[in-house]
Amino acid sequence: MKSLIIGGAGFVGEYLIRELLREGGQEVVVTKMPQETIAVSGVRVRDLDILDESAIDSILREEHPDYIFHMAAQSSVAVSWEKPQLTIDVNVKGAVNLLEAIRRLKYKPRVLLIGSGEEYGHVSSESMPIDETCAANPGNIYAATKACQNMLGRIYADAYGLQVMMVRAFNHVGPNQAPLFVVADFCKQAAEIEAGKREAVIRVGNLAAKRDFTDVRDVVRAYCMLIEKGTAGETYNIGSGRAVAIEDILNMILEYARADIRVEIDRAKFRPVDVPVIEADVRKVQELTGWKPEIALEQTVRNTLDYWRGLV
Ligand code: A2R
């Protein structure tokens, strides 16, 4: 058995590598961008830009993977507002490049396309928690590209019989996440304050937004279960099933911090459009695989804060 992780040098990729190695019994090949490094040993690493069609073809033909996890993406909502063309190229064209290369193979690997809970966009409170039958109504450019990837995945499964499953991952958090994302951002600021490297003020954006946070280690366990058991053409939500206000997470960090910290609202951290509440209905993945999250949010926040303490 062989797994190929495309875009494995990112935040989630490294956790997925560790999970696959922990499970054992298979070879793991990971692609990364030329300038990136993979910190985990025990895997074979290859360079790949997902926009290079012929390079994808070569890798698939040479490696002949049974499982393909497609993680390569421009993954930040904030960056998607700044760089819409790049986001569309990497997230949409990149996915099509991969699907086309798979279509040309003489066998059918099982493929997981990683999408986002953001795809659902503005959903009324009566429709919470959001299940997979809810229509996508993306509220930002990143979400639109992931909704497009989802539709393409289903079409390739239906039209060409590709063994493609789609996930919509809601917010996932943990140590090593870039501080572009809210929990990492707050923890980094708190750790810098504790270390005396900045004044005792955390700058925050929209605290009222509620999101469904899951520890990244739980998320990658779900990916491994789904690539094995998922039904082609189907979409599966991955989340905790519980929306938490950003303010509650901030309060956890303030409580765990070893310093008195003031909070200041920074309008620059607000997004042009922000969705007020996002909460997942995760019964579909649970019923199929028995997966459920095991790491409490408090634990994830503590681990993330400790990670940033170590770094600063
Ligand atoms: O942008 P970089 O240099 O950090 O590289 C990212 C990589 N990537 C690409 N890989 C191949 N060809 C490209 N043209 C390309 N552009 C970017 O994908 C990075 O190493 C990886 C994505 O990792 P992160 O940005 O850390 O995302 P994360 O949190 O690991 O999320 C994985 C998946 C993504 O599809 C997200 O949209 C989804 O889960 O939530």
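**Exercise 1. In this predicted model, find how β6 and β11 are joined, and say which residue stands opposite Ala-169.**

Solution. Start with the pairing: β6 and β11 run parallel and are joined by four bridges. Next, look along the pair for Ala-169, and you will find Ile-238 of β11 opposite Ala-169. Finally, check the surroundings of β11. Thr-235 and Asn-237 are buried on one side, Tyr-236 and Ile-238 are buried on the other, and both faces of the strand are thus covered.

**Exercise 2. Place β11 in its sheet, and explain why one side of β11 has no neighbour there.**

Solution. First write down the strand order, which is β3-β2-β1-β4-β5-β6-β11 in an open sheet of seven strands with parallel pairing. Then look at the ends: β3 (44-47) and β11 (235-238) are the edge strands, and because each has a single partner strand, one side of each lacks a neighbour in the sheet. As for twist, neighbouring strands in this sheet are turned by 20° against each other on average, with direction ignored.

Now try another pair in the sheet. Strands β1 (residues 2-6) and β2 (residues 27-32) run parallel and share four bridges. Within this pair, Leu-4 has Val-29 of β2 opposite.

**Exercise 3. Describe which strands α4 and α7 lie across, then examine the course of α4.**

Solution. Take α7 (residues 216-229) to begin with: this helix lies across β4, β5, β6 and β11, at about 140° to β5. Helix α4 lies across β1, β4, β5 and β6, and runs at about 170° to β4.

Next, compare lengths. The 20 residues of α4 (84-103) reach 27 Å from the first C-alpha to the last, close to the 28 Å expected. Even so, there is a bend of about 25° at Lys-93. Last, check burial: the buried residues of α4 include Val-90, Gly-94, Leu-98 and Ile-102. It helps to remember that residues three or four places apart in an α-helix point the same way, because there are 3.6 residues a turn.

**Exercise 4. Is Asn-140 buried or exposed, and what does its side chain reach?**

Solution. Locate the residue: Asn-140 sits in the loop between β5 (110-116) and α5 (141-160). Its relative accessible area is 6%, which is under the 20% cut-off, so Asn-140 counts as buried.

Now follow the side chain. Asn-140 makes a polar contact of 2.9 Å with the side chain of Glu-118, and the Asn-140 side chain also reaches the backbone nitrogen of Tyr-142 at 3.1 Å. To finish, set aside neighbours within four places in sequence: Asn-140 is then in contact with Val-77, Ser-80, Trp-81 and Glu-118.

Key: Residues numbered from 1 in each chain as written. Predicted model: local features only at pLDDT ≥ 70, side-chain atom pairs only at ≥ 80, totals over all residues. Heavy atoms only, no water. Helix = DSSP H or I, 4+ residues; strand = E, 2+ residues; numbered from the N terminus. Buried < 20%, exposed > 50% of the residue type's maximum accessible area, 1.4 Å probe, protein only. Polar contact = N/O pair within 3.5 Å; in protein donor to acceptor, adjacent residues only side chain to side chain. Contact = heavy atoms within 4.5 Å. Expected span 1.5 Å × (residues − 1). Bend = angle between axes of the 7 residues up to and from the residue. Pairing = 2+ DSSP bridges. Axes fitted to C-alpha atoms, helices over the stretch in contact; angles between N-to-C directions.
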